[in-house]
Amino acid sequence: MQKISVLLFLAWVCFLFYAGIALFTSGFLLTRLELTNHSSCQELPGPGSQPWGSQGKPGACWMASRFSRVVLVLIDALRFDFAQPQPSHGPGEPPVSLPFLGKLDSLQRILEIQPHHAKLYQSKADPPTTTMQRLKALTTGSLPTFIDAGSNFASHAIVEDNLIKQLASAGRRVVFMGDDTWKDLFPGAFSQAFFFPSFNVRDLHTVDNGILEHLYPTMDSGEWDMLIAHFLGVDHCGHKYGPHHPEMAKKLSQMDQVIQGLVERLENDTLLVVIGDHGMTVTGDHGGDSELEISAALFLYSPKALFPGAPPEEPEVVPQISLVPTLALLLGLPIPFGNIGEVMAELFSEIEDSQPHSSALAQASALHLNAQQVSRFLHTYSAATQDLQVKELHRLQNLFSKASADYQRLLQSPQGAEAALQTVITELQQFLRGVRAMCIQSWARFSLGRMAGGAALMAAACFLCLLVSQWAISPGFCFRPLLLTPMACGLAGTIVCAGLLTTTGLKLDPVVLGAMAAVGSLLPFLWKAWAGWGSKRPLVALLPIPGPVLLFLLIRFAAFFSDSFVVAEARATPFLLGSLILLLVAQLHWEGKLLPSKLLTIPRLCFSASAGPPRRNGTHALGLGVGLLLCIRLAGLFHRCPEETPACHSSPWLSPLASVVGGRAKNLWYGACVGALVALLAAVRLWLRRYSNLKSPEPSVLFVRWGLPLMVLGTAAYWALASGADEAPPRLRALVAGASVVLPRAVAGLAASGLVLLLWRPVTVIVKATTGAPRPRTVLTPFAGPPTSRADLDYVVPQIYRHMQEEFRGRLERTKSQGPLTVAAYQLGSVYSAAMVTALTLLAFPLLLLHAERISLVFLLLFLQSFLLLHLLAAGIPITTPGKYISQP
Amino acid sequence: MKNTDIKRLLYTHLLCIFSIILSIFIPSFFLENFSILETHLTWLCICSVFVTAVNLVLYLVVKPNASSKRSSLSYKVTRFLKCCIYFLMSCFFFHVIFVLYGAPLIELVLETFLFAVILSTFTTVPCLCLLGPNLKAWLRVFSRNGVTSIWENSLQITTISSFIGTWLGAFPIPLDWERPWQVWPISCTLGATFGYVAGLVISPLWIYWNRKQLTYKNN
């Protein structure tokens, strides 16, 4: 019964924390409402007629189509500078050195030879720069919000209006090939589709080769109106090797050949779009909002002339979602309902017609349609929710009605000056940009009230844990009364809250309900704590850690409120840790615990309490401290930069081993990594042997003896495969691929089984009786249920002793006649620590597999640090069990 | 413990502070473009020399500790050489500690080393003057109930406050105020100097206020 109440109490504490976290995140990660409305061909977004009366023509909605077909080549992670034309270098100059620069030659050639047919843009993606969010944005024209970022691996069909849906409803045939993320996003929307698995980021070629197999035959067959090819090789190459690797050059050259082949096959009515969905950082990652991640390339080409003016010196910067309304209007489709992108007006100018007036008129009409659609969306959206700022909304609506009126007036008098048309265009563009800015601001706005409430709830739960951990020490403490009232109050609070919400007609929010329940159950608890607070107990007694440690923790906490210190966290934290260590050593010395007492017994000195002979001398403690500082400093070599710190360079040692160029360096590094693993294993085994834990026949000890080396072996083999997979002969490819899936799973499985064994039998104490029973017997875990007395709580050791007493009492009586009986118990000194060390080592292995190979050196350093720190702490404690007794720093 | 002792302590400390102030103003008469921030290394050297000189002179004049029984010339010379070696060792020790705390390993070596020199000047030199090259005595002074005179007590306070000043001096470095004194190691050396001066001011006052509680065995 007691056990159940303890479990229930723990469950309640868990619930409190979860409620706090849920409340906080609901304020922090705001979602955007997804509207399911659709634009349709028959229904124009606003009043007004088309200048050339295109309605009624077949294959034209809203506007006459300019292209009947589009080839969309989506090269994942095609950063802008990958496609940027390189200034041609003379014979004397050295060629470009970076492997990703200037590899897309065909783009450069086309831009030079046919400046009126092609154009390169720098498109700016909106964060989060993950592929699924970018795909959503590229088809719906909206801004996926933060909350979508988490669902990247379980993507669901897009419910909002999008380009693919519009194409399908207009009866166009969409053929897709490439990344299978599209299958989940647009189920059943393609007339023909070739999906390839995208999940394995180490696989550079499956998707691309699959596309290439089908791309040209499909294109030549002509049975398509929109052809989408989503190449993943560049992105995966970035993840595996980073952009600064010869492999990236190969991949980009392959993409160059693809573009070349497509350009040759294009017909006159076809538009070619080459676009990167996002960029990549210098290490090849993406997802954030750094400049390198959001800048992607966008290249447009058409066999007929499309761009009137001379090409600009520097490529223009356009928002990525501009492509959506542009493509829709170019293909003669309605713009998707939720689009907030701005049409690229330049593409709508008339090339054949030399009159500037008609060109401007065409641009204005495209922009006007776009603005009407956005305005309609704003109306619908602001009617559905109240996210958008009312003031800004009014300003934008006024801007739009003015621009719209101007435009209508110009249509009435066709001889209007070109200057007036330009004004209208500018006004419409202002409106569209204003809307976009407002949406970005609104959909990334935090709810401070919820965040504060969640933080307060979590702080209260922490306080509760602190209080209860103090109370639970007193013997005979019972959890049941502590549980009943809060539970009742929590339930009552929930019911009252739910009733209030339903009567006032508001929506029932489970997060708010959970938070109300948590608050309701916390209040009586806090009231009880307040009432039972004796004046004699000072508040300081509550603080569980010694003063200096607390001071440094406070400084560390305060540092989070300073932007500069957050940026310099990698330097500030080791500094504080180092200060703490030296302070510990100094404090030990100050207390006189480090010096042998004979040194201090100089005459003329008075020592009020020279407490026993100190066990360790000063040089030992100083050595430990300096060793710790050294470890901390060395760990700083493996520094990974946080996001948004421009002047920061991550350590090159953090990239995976596969990206190391040069066989010798790779082998050396591999040796170092495996060496670190072996050293880690050897350290743990040595430690356990020193406290003679290895002799026990317990299953968990057996696991340490045999299972851990197996895990090391598996990890090392996996690293070897992962770093050298591409050098394997083709015959063995399948074997290597299989092994690199099986090995990590095997290691993780071993770790899990080891942990289960450890949980089942955590105590590794063995007891030997020399006579009578020669076979060593192990003691079962004696800690059953909550403790009954103070002594039980302080030490497990007395319990084991009592257990042994009872165990042998019977036998003693039986064997009294046979002479004295010697009883020996081993490993009492490391009752807690052996289990702790084993568990931590087991946990380290799955974590190692998640990181790049060279992180194993850091793990070794971490373990060394914790050993050293605990020895240092142990040096200052007069009576202590040697070795580990608290968790890692 | 007499008030005259405390008065002597106060005067010697005032002289030390005066020497630091002199090290700021005197060089500008001889050197062009001298300022603490721009020619920081020069100032570090000058300040270190001034403070060491004043400490030595004060030690010779005031003679706070009981004069040693042996006074042969060779003994004095070996003692002096030992002091020099101790001073150098402490400079290197501080340098290593700074690097372990996060100072750059290869760049700015000269700056870091001069910083170690000035910190040694503020901490090791007074120790050497007062206690001699005797590590055991040092360890005794810097432990609880280890001091035996007001001189040792003031030494304890000034040394600890120099260290604290140095430590606090590291905090402005990451801030984005873009001030010239935030560059490594200027803020730390300034912190050390301020800490030393604060220790010099505080220790006589603290001893004066606590003169009733302080009882030294030898006095």
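**Tour of chain A: a bent helix, its partner and a sheet**

Select helix 25 of chain A and centre on Arg705(A): the helix bends there by about 35 degrees, the bend being the angle between axes fitted to the seven residues ending at a residue and the seven starting there. A proline, Pro709(A), follows within four residues. This is a predicted model, in which local features need pLDDT of at least 70. Residues are numbered from 1 along each chain as its sequence is written.

Next, show residues 699-724 in full. These 26 residues should span 38 Å at 1.5 Å a residue, and the end C-alpha atoms of helix 25 of chain A are 36 Å apart, which agrees; the expected span is 1.5 Å times one less than the number of residues. Helices are DSSP runs (H or I, at least four residues), as are strands (E, at least two).

Add helix 26 (residues 733-760) of chain A. Its axis lies 9 Å from that of helix 25 of chain A, at an angle of about 160 degrees; such angles run from 0 to 180 degrees between N-to-C directions. The pair is therefore roughly antiparallel (over 145 degrees). Their contact has 17 nonpolar, 7 polar and no charged residues, with Asp, Glu, Lys and Arg counted as charged, Ala, Val, Leu, Ile, Met, Phe, Trp, Tyr, Cys and Pro as nonpolar, and the others as polar.

Finally, move to the open sheet of 8 strands in chain A, ordered 4-3-5-1-6-7-2-8 with mixed pairing; two strands pair if DSSP finds at least two bridges between them. Strand 4 (192-196) and strand 8 (317-319) of chain A stand at the edges, each with a single partner strand, so one side of each lacks a neighbour in the sheet. Within the sheet, select strand 3 (residues 174-179) and strand 5 (residues 226-231) of chain A, which run parallel and are joined by 5 bridges. Val174(A) has Met226(A) as its bridge partner in strand 5 of chain A.

Definitions and conventions: Chains are lettered from A and ligands numbered from 1 in the order in which they are written. This is a predicted model: local features need pLDDT of at least 70, side-chain atom pairs count only at pLDDT 80 or more; totals for chains, interfaces and linings use all residues. Side-chain values use heavy atoms; hydrogens and water are left out. Angles under 35 degrees count as roughly parallel, over 145 as roughly antiparallel, 65 to 115 as roughly perpendicular and the rest as oblique.
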